[in-house]
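Please examine the sequence and the structure shown below before reading further. The briefing then treats aromatic rings, a threonine and its surroundings, and a strand with its partners.

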Amino acid sequence: MPANQRQKAGEMDSKMPSQRGNFAIFIAALALLLCLGLGSVSQPAFAGKKPDPAPKIDPATLVWPMPPDKPRVRFIEEWDNNLQVEPIRKRTWADKLAGVPEKNVAEDFGKPAGIATDSRGRVYIVSVGRAVLYVIDREKKLLLRINGDNGVYFRSPVGIVIDEKDNVFISDSQLHLVMKFNPQMRMVANFGSDEGMQTPAYMALDEQRHRLYIADTRAQAVFVYDPETLALIRKVGKFGSKKDDEFQYPVGVAVNRNDGSFAITDTGSCSVRIFDANFKFVRRFGQQAMSPGNFVRPKGIAFDSEGNIWVADAAFNNFQIFDPAGHVRMFVGSPGIGPGQFQLPNGLYIDKNNRVYVGDQLNGRVQVFQFLGSN
């Protein structure tokens, strides 16, 4: 959040020049005109002196809401390029002979979308812009880049989920399927196209009930698969606007770990739909409006451990937090490039420790927050 700037105006000493004939008198008169603002050029009072630098805000102190209210969300960090992970490369004599550049080239994460973490704490970032999956291993200072396997390569990867065994599922909207990788990141299966999947977007995993939810924007439905057998369990929704289970371009889906209910962001209707674990419609909240509690372009969605619902809105450049009944609690974010600011936020993921990851697409980064609790 930008800090208030302040400047100290320096003092400009004014000394009358000694009179040395008519020329000196002319110079003195011209100087007087300039000081009065009557001349064609004016100078600020601190001209010739450097203004005091604007105070810098420590990102680690950023919380929402601001004091004196009790903080509910804290900024943690951001991942915006490979040099945060990979050590700076030094050239050997062999590198010089081969023409290897002296330093690593800075590489942002190219429109990050889906985000997930595995059992070892590694962060997975799906890059739509680069058609690459980045795997950040902070402990080993290693950044892996994966673009597919077994002759199947990403074209437009979007969503990602990781199960308790560290199997990885990635959706690709242009390939019209979902790819499953083992913990060694070897592809073991792909599925979805035979069942009519068209543009799979974000996904969610309910391991207790053995369900993998996949929002398909063009198919106007959510596909539900068994993540082990990869058998289709059922489809939820169809195109329309009159019934509770009719969608207009669903994008995000999330599962409440507490009770198995799931939520869907429906971009066309600017709303969120909630269904229980038995696929029964529960409630809908939000509509198209430029006000808190409503949406313009709802995208990623997630539940925290308390059952609150977090929704990223690409038009508002923020994310909103709703209670389980769909009432808005607060929002975080504004347009910009600083910590807590966004340009086209999209994917949103919350891990089991209530750490919140938001894909900030046009800034090419992932911002990380900590949910501190509602009470």
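A residue is called buried when its relative accessible area is under 20%. The model described here is a predicted one. By that definition, both W64 and F369 are buried, and these two residues open the account of the aromatic rings.

**Aromatic rings**

- A search of the whole structure finds 21 aromatic pairs.
- In one of these pairs, W64 and F369 meet edge-to-face, with 5.7 Å from centre to centre and 70° between the planes.
- W64 belongs to strand β1 (residues 63–64) and F369 to strand β29 (residues 365–371), so their pairing ties together parts that are 305 residues apart in sequence.
- W64 and F369 are also members of one aromatic cluster, which is formed together with F75, W310, F319, F342 and F371.
- A ring can also have a charge over it: the charged end of R234 sits over the ring of F279, at 4.3 Å from the centre of that ring.

**T265 and its surroundings**

- T265 is part of strand β20, which spans residues 262–266.
- T265 has a relative accessible area of 0% and is therefore buried.
- A polar atom of the T265 side chain lies 2.7 Å from the backbone nitrogen of G252.
- Apart from neighbours within four places in sequence, the residues in contact with T265 include Y249, P250, V251 and G252.
- Further contacts of T265, again leaving aside those neighbours, include S271, V272, P298, K299, G300, I301 and V311.

**Strand β4 and its partners**

- Strand β4 covers residues 123–127, and 5 of its 5 residues are buried.
- In a regular strand, the side chains alternate between the two faces of the sheet.
- In β4, V123, I125 and S127 are on one side and Y124 and V126 on the other; all are buried, and both faces are thus covered.
- Strand β3 (residues 112–117) pairs with β4 in the antiparallel sense over 4 bridges, and P112 stands opposite S127 of β4.
- The hairpin of β3 and β4 has 5 residues between the strands, and G121 in its turn has a positive phi of about 85°.
- Strand β5 (residues 132–137) runs antiparallel to β4 and is joined to it by 5 bridges; V123 has I136 in β5 as its bridge partner.
- The hairpin of β4 and β5 has 4 residues between the strands, and A131 in this hairpin takes a positive phi near 55°.

Notes. Residues numbered from 1 in each chain as written. Predicted model: local features only at pLDDT ≥ 70, side-chain atom pairs only at ≥ 80, totals over all residues. Heavy atoms only, no water. Phe/Tyr/Trp six-rings, centres within 6.5 Å; stacked < 30°, edge-to-face > 60°. Helix = DSSP H or I, 4+ residues; strand = E, 2+ residues; numbered from the N terminus. Buried < 20%, exposed > 50% of the residue type's maximum accessible area, 1.4 Å probe, protein only. Lys NZ or Arg CZ within 6 Å of the ring centre and 35° of its normal. Polar contact = N/O pair within 3.5 Å; in protein donor to acceptor, adjacent residues only side chain to side chain. Contact = heavy atoms within 4.5 Å. Pairing = 2+ DSSP bridges.
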